[in-house]
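Hi,

Here is the structure I said I would pass on. Have a look at it first, and then read my notes underneath.

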Amino acid sequence: MPDQLRGDVRLLGEMLGKVVAESGGADLLDDVERLRHAVIGARDGVVSGDEITALVASWPLERAKQVARAFTVYFHLANLAEEHQRIRALRERDDADNPPHESLAAAVRQIRENSGEQRLRSLVEGMEFHPVLTAHPTEARRRAVSTAILRISGQLERLRDSHAGSTVEAEARRRLIEEIDLLWRTSQLRYTKLDPLDEVRTALSAFDESIFDVVPQIYRSLSTALDPEESGRGPARATPFVRYGSWIGGDRDGNPFVTHEVTREAITIQSEHVLGALENSCGRIGGTLTLYSNLTPASADLRDTLATAQAAHPRAMAEITKRSPNEPHRQLLLFATQRIRATRERDADLAYPGPEALLADLRTVQESLWAAGAHRQANGELQHLIWQVETFGFHLAELEIRQHSDVHARALQEVRAGGQLSEMTEEVLATLRVVSWIQERFGVAACSRYIVSFTRSAADIAAVYELAAHALPEGRTPELDVIPLFETGADLEAAPRVLDGMLQVPEVQRRLHQTGHRMEVMLGYSDSAKDVGPVSATLRLYDAQAQLASWAQHNDITLTLFHGRGGSLGRGGGPASRALLAQAPGSVDGRFKVTEQGEVIFARYGQPAIARRHIEQVGHAVLMASDDNVQEHAREAAERFRRLADQVAESAYTCYRALIDTEGFAEWFSRVSPLEELGELRLGSRPSRRSAARGLDDLRAIPWVFAWTQTRVNLPGWYGLGTGLAAVDDVATLHRAYNEWPLFASLLDNAEMSLAKTDRSIAERYLTLGGRPELTEQVLAEYDRTRDLVLRVTGHERLLQNRRVLSRAVDLRNPYVDALSHLQLRALKALRDEGAELSDDDQHHLERLLLLSVNGVAAGLQNTG
């Protein structure tokens, strides 16, 4: 462990210990330390699991809850220390002459060398990265906890920047322990359920903290890589390639709390955020652009624009002119600032009609500066502001609508019947009217994508257009890009046939003509993995990508694949950059759209330095995955090893389905995991099931993965792979496939990460709660088989051998996660004991202990669903 990280962990841990002792007494700290030493001893083989169980059982439930709280807060602090270490590492590797690995500059250099300047320019000009923030309930931390951690982060940074023995250091230490004390005293659990607008505001904190400022820095980095000599002086070479989207307030699939009123309010909140940020940025730049007109004369266009503003708004312009005499460039920017404020405050007389009008003013200033020879002013901070307007508009992120195909089918049936419409059908029609209102207010770019989940035919797409025509009179219907979402294994296989049918839908034909034959298709990772297992899902998604890319080329369609990946490995998560390079050749082609869900939003965008690194890595991967040489290598490897992969997938699928199709499996899973209690965490506004049914088919993928994570089994990330690899019985060929085929390497690397976060001995304690020893034996045998064969195929002596930083993080956490798992097991065993007679008080304490431990394990493993 690096010395600075070790020092931060020790400091934060000591301060937490002091806070725990002050709050609960020295005996509470002693109990925490006893458990800490016991779980470490268990890892070293000197303490048995039964001894830890006895220790945990000896405490009153109130004490057990306090101990669980201590370990949970510790994980928040350890995560923070690791985040600071990552930021330090990024700063240390920052070298303008030697671009970091997986950066935009590295991609530019490599493609320029391999494919030439013309191909590089073509790739850069067509590049798109479209992250879509979702409210999927996987962020276990309360917002109050997250903001407390941010304050601790600020004090830790202040402490590390101070001189030893200084008054600044002393004050930073005082404030640091004060904030840790506050975190300790803050409830880790939500007492009220989030509503969708809470989720909107929570996600927008990432925009405030990092996204708005980081995006132009990314464009600057790319522009510098393309033309380092002219960076900041010559015209910017990078065009905006990041476009944010959001499902928060728009995704109503199975969420009855997302209504048309919520959707309308969500886009309004987004607009207020971005207009406030643009106002601040424009005002700041305008305040500093004190260029004297004799030295930097205004262009005729700028003078005309100011004269027009003077005629329309004499009082406002008189005040600006008085403050900024002979500074025409500053005058127009300050006037633009007032107009942005008026737009935010809905002052129709002064407001901009849309972002294009603001861009026109900004470009008038920029072109005037350029003509006057003030090239650095033209292409410096003002260019950043232009990039921000181009990226975020007046809506911040495109609000996307999602609804289930069955809902549309029922609504259309009612509409065609011409009778009384149900409440659900009225809501569908009201949503389409709100989409029309959003487009009138903020432009088509603010809300035009309508995703149909569980699309099975072109009729599911045509239904949305027909409903829109019924909801609004001709001329008022919104412009819609209705996007099919293919989620199950069967739906993925049928995707090309469905798209053929879509081409016959008149509204689709018209929209293709308007957009230059651009189309979007979404692929669901979560439900496909839950349906057929991680190995088969990976291969089926790869095949779907290849088939769709071929279909698009045959039909002269510019296709963007929208990857519905979750945060966890069991739902298609993992490092986005590696996943991109494992896509089917031709399926990226410079465009990557992906969901950013739950805890992933804050992990990737909570800190500016980390947000910048994430976008750089994805941008690098988009370019490299689109490079002809890289694609050809992947294509050749796929041809060599595809038959082998099919053999692995077939056996893995049989193994996976044999487990989950076992009679009574759903009931067993509910007993061995905290599945049914997860809803009490109030992680989000959406229910964990699509209906009142209690089977696995109706269970959403998030609680499926979340519950397995809590049991330390992590089954959705690896189950069946061992049987699949064993079916090949040729480790040497499997090893070559791992080294030469990015898809196969990604599959095994992701499984290795899941296995590393699995603890066999703890997992066995959970599994035995189900009273089905044959299922326990089946799962553990597959774990042993998978672990052994993954190590043999990768050539590693231990899990994560080639991932030093991640391995260190897992090793650091595992013993402390064990402590929380033992506490959770105590609660789960008592709650599952049907013969026990619990008092209402004990029932309440056990449920709180269970939820506290769930929260802590999620923080320790940095994974939920």
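Below is what turned up, starting with the sheet and moving on to the rings and a pocket.

One thing to keep in mind is that this is a predicted model.

The sheet first. It is an open one built from nine strands, with parallel pairing, and the order runs β3-β2-β1-β9-β8-β7-β6-β5-β4. The edge positions go to β3 (398–399) and β4, and since each has a single partner strand, one side of each is left without a neighbour in the sheet.

I spent a while on β5, which covers residues 449–453. Five of its five residues are buried. Side chains in a regular strand alternate between the two faces of the sheet. In β5, Arg 449, Ile 451 and Ser 453 point one way while Tyr 450 and Val 452 point the other, and all are buried. So which strands does β5 pair with? On one hand there is β4 (residues 401–404), parallel to β5 over four bridges, with His 404 partnered by Ser 453. On the other there is β6 (residues 481–486), also parallel and joined to β5 by four bridges; here Val 452 stands opposite Pro 484.

Elsewhere in the sheet, β8 (residues 558–564) and β9 (residues 591–597) pair in parallel over two bridges. Phe 562 has Lys 593 in β9 as its bridge partner, and Lys 593 also lies over the face of Phe 562, at 4.3 Å from the ring centre. So that pair is linked twice over, by a bridge and by a charge over a ring.

There is another contact of that kind at Trp 437: the charged end of Arg 264 sits over its ring, 3.7 Å from the centre. As for rings with rings, the whole structure has 23 aromatic pairs. One aromatic cluster is made up of Phe 207, Phe 212, Tyr 244, Phe 392 and Tyr 605.

Finally, the second largest pocket, with a volume of about 1,000 Å³. Its lining takes in 45 residues, and those nearest the centre are Glu 398, Ala 445, Ser 448, Arg 449 and Asp 481. You will recognise Arg 449 from β5, where it is buried. Which element gives the largest share of the lining? That is helix α21 (residues 506–515), with four residues. Sorted by class, the lining has 23 nonpolar, ten polar and twelve charged residues.

Cheers

Notes: Residues numbered from 1 in each chain as written. Predicted model: local features only at pLDDT ≥ 70, side-chain atom pairs only at ≥ 80, totals over all residues. Heavy atoms only, no water. 1 Å grid on protein atoms, 1.4 Å probe; cavity = no way out; pocket = protein on both sides within 12 Å on 5 of 7 lines; lining within 4 Å. Points joined across faces, edges and corners; volume = space filled by probe spheres on them. Nonpolar A, V, L, I, M, F, W, Y, C, P; charged D, E, K, R; others polar. Phe/Tyr/Trp six-rings, centres within 6.5 Å; stacked < 30°, edge-to-face > 60°. Lys NZ or Arg CZ within 6 Å of the ring centre and 35° of its normal. Buried < 20%, exposed > 50% of the residue type's maximum accessible area, 1.4 Å probe, protein only. Pairing = 2+ DSSP bridges.
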